[in-house]
Amino acid sequence: RQSSCDGGGGHMAEIRSVGVVGGGQMGSGIAQLAAVNGLEVWLHDSDPTALSKAHQSISSTIQSLVSKGRLTKVLFVPVLADPLDFLTDNFLTKEKGAEAVRMLKYTSSLEDFGSVDIVIEAIVESEEVKKKLFTLLDSIVKESAILASNTSSISITRLASATSRPTQVIGMHFMNPPPIMKLVEIIRGANTSEDTFNATKCLAERLGKKIVCSQDFSGFIINRILMPMINEAFHALYTGVATKEDIDAGMKLGTNHPMGPLELADHIGLDVCLSIMKVLHAGLGDSKYAPCPLLVQYVDAGRLGRKKELDDIEAM
Ligand code: NAD
């Protein structure tokens, strides 16, 4: 089978402006990353409180990066990342920081997305909600604009089917936290064009990321492998195999993972993990992907992990 990374030689539209939908932990990180890399950015969230939280958090992060002379904030040593990368080059000067703040606009109206070259959607992991958004975006953005989804697991082909431009719909899956993690997983839907793929690849590279490409099957590469491991860690806890401390320490020290699976779930958000397991279960049709009852119960109880509070680990 042809690698999904093989680009064609088609015309590549240069992306200069980005609309980000969803100002939660992923969307705010993506918006910040794009702005410090010189792109014009619009950030929208349907929840005014979330939008103003994103505004405050991005502004204070950029300010702290300028004062520390770093391009990215080192929140924790992430999976696959070399911490030295963040301490050597890529300084964020005062001028560049001020420019990034100027380049980033916050809006409560999607109508402001009329002139952006690409929209990166980072809202709740629900196919129904994302499809509604894609239909709406399709009616607002210019004809040449690309609609990208940061979905962890949902079919790009089905999201594309909610628009009149399936050739311009693509998966652009950032890792958490987007300013720090080196990877973007690109997912081509069944109808994604080479131009769309090439423009998205160029954007990811401009943001300093390496890319991997996946075919459009539930969970793609990363979450197809990562989430069953996290789900299994919940099963180990649920069935009393070990304590949460020993499960995490075992995987950290025993397999050289920088973070244990339960701690990682805590960072990702237990609600996001559960949504992804449900997509894997429904999309791949195998009972091995059924979400662990303990994971379901935590989410039912509103215990979602620490999500944004990355500096203050809470026991689950
Ligand atoms: P989050 O809950 O932190 O943020 C989601 C934001 O979207 C919220 O602020 C919410 O108000 C907003 N929102 C919801 N519906 C909206 C709508 N219709 N229009 C506008 N805004 C809306 O979630 P997150 O962790 O940032 O995840 C967002 C997406 O990124 C999901 O698809 C998730 O699967 C994916 N993702 C998450 C991670 C992770 O580690 N959390 C990693 C990679 C990808």
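1. Let's start with one residue, His 281, which you'll find in helix 10, residues 270-284. Keep in mind as you look that this is a predicted model. Is His 281 buried, exposed or partly exposed? It has 17 C-beta neighbours inside 10 Å. A residue needs 20 or more to be buried and 12 or fewer to be exposed, so His 281 counts as partly exposed.

2. Now see what His 281 touches. If you skip its neighbours within four places in sequence, His 281 is in contact with Tyr 289, Ala 290 and Pro 291. Take Pro 291 from that list: along the chain it sits ten residues from His 281, and their C-alpha atoms are separated by 7.9 Å.

3. There's another histidine worth a look, His 267, and its place is in helix 9. This one has 22 C-beta neighbours inside 10 Å, so it counts as buried. Which residues does His 267 contact once its neighbours within four places in sequence are left aside? They are Asn 176 and Gly 305. You can also check His 267 against Leu 304: the two are 37 residues apart in sequence, yet C-alpha to C-alpha they are 9.2 Å apart in space.

4. Hold on to Asn 176, since that name comes back in the backbone. A cis peptide bond joins Asn 176 and Pro 177, with omega about 0°. Where is Pro 177? Look in the loop between strand 6 and strand 7 (183-188). As background, most residues other than glycine have a negative phi, and most peptide bonds are trans.

5. Two residues deserve a phi check. Phe 220 is not a glycine, but its phi is positive, at about 55°. You'll find Phe 220 in the loop between strand 8 (210-214) and helix 7 (222-238). With 24 other C-beta atoms within 10 Å, Phe 220 is buried. The second is Asn 256, also not a glycine, with a positive phi of about 65°. Asn 256 belongs to the loop between helix 8 and helix 9. Is Asn 256 buried or exposed? It has 7 other C-beta atoms within 10 Å, so it is exposed.

6. That loop leads us to the two helices on either side. Two packed helices are described by the angle between their axes and the distance between the axes. For helix 8 (residues 244-255) and helix 9 (residues 261-268), the angle is about 100° and the axes are 7 Å apart. Angles from 65 to 115 degrees count as roughly perpendicular, so helix 8 is roughly perpendicular to helix 9. On the helix 8 side, the contact is made by Lys 244, Ile 247, Asp 248 and Met 251. Helix 9 brings Pro 261, Leu 262 and Glu 263. Sort those residues by class and you get four nonpolar, no polar and three charged.

7. Let's move on to domains. The domain assignment of the chain gives domain 1 (17-214) and domain 2 (224-300). How far apart are their centres? Taken over C-alpha atoms, 26 Å separate them. Nine residues of domain 1 are in contact with nine residues of domain 2. On the domain 1 side of that contact, there are four nonpolar residues, four polar and one charged.

8. Next, the ligand. It is surrounded by 27 residues, and the closest are Gly 22, Gly 24, Met 26, Ala 50 and Asn 176. So Asn 176, already met at the cis bond, turns up again here. Which elements give two or more residues to the shell? They are helix 1 (25-36), helix 4 (127-140) and strand 6 (169-174). Helix 1 supplies the largest share, three residues. By class, the shell has eleven nonpolar, twelve polar and four charged residues.

9. Why can we say that the ligand lies between the domains? Both domain 1 and domain 2 give residues to the shell around the ligand, so it lies between them.

10. Finally, step back to the whole chain. How many helices and strands are there? The chain has eleven helices and eight strands. Of its 316 residues, 43% are buried. Take the contacts with a separation of 6 or more: 68% of them are between residues 24 or more positions apart.

Terms used
Residues are numbered from 1 along each chain as its sequence is written. This is a predicted model: local features need pLDDT of at least 70, side-chain atom pairs count only at pLDDT 80 or more; totals for chains, interfaces and linings use all residues. A residue is near a molecule or strand if its C-beta atom, placed from the backbone, lies within 6 Å of it. Helices (H or I, at least four residues) and strands (E, at least two) are DSSP runs, numbered from the N terminus. Ala, Val, Leu, Ile, Met, Phe, Trp, Tyr, Cys and Pro count as nonpolar, Asp, Glu, Lys and Arg as charged, and the others, Gly among them, as polar. Domain bounds come from an automatic or database domain assignment. Two residues are in contact if their C-beta atoms, placed from the backbone, lie within 7 Å. Axes are lines fitted to C-alpha atoms, for helices over the stretch in contact, and angles run from 0 to 180 degrees between N-to-C directions. Angles under 35 degrees count as roughly parallel, over 145 as roughly antiparallel, 65 to 115 as roughly perpendicular and the rest as oblique.
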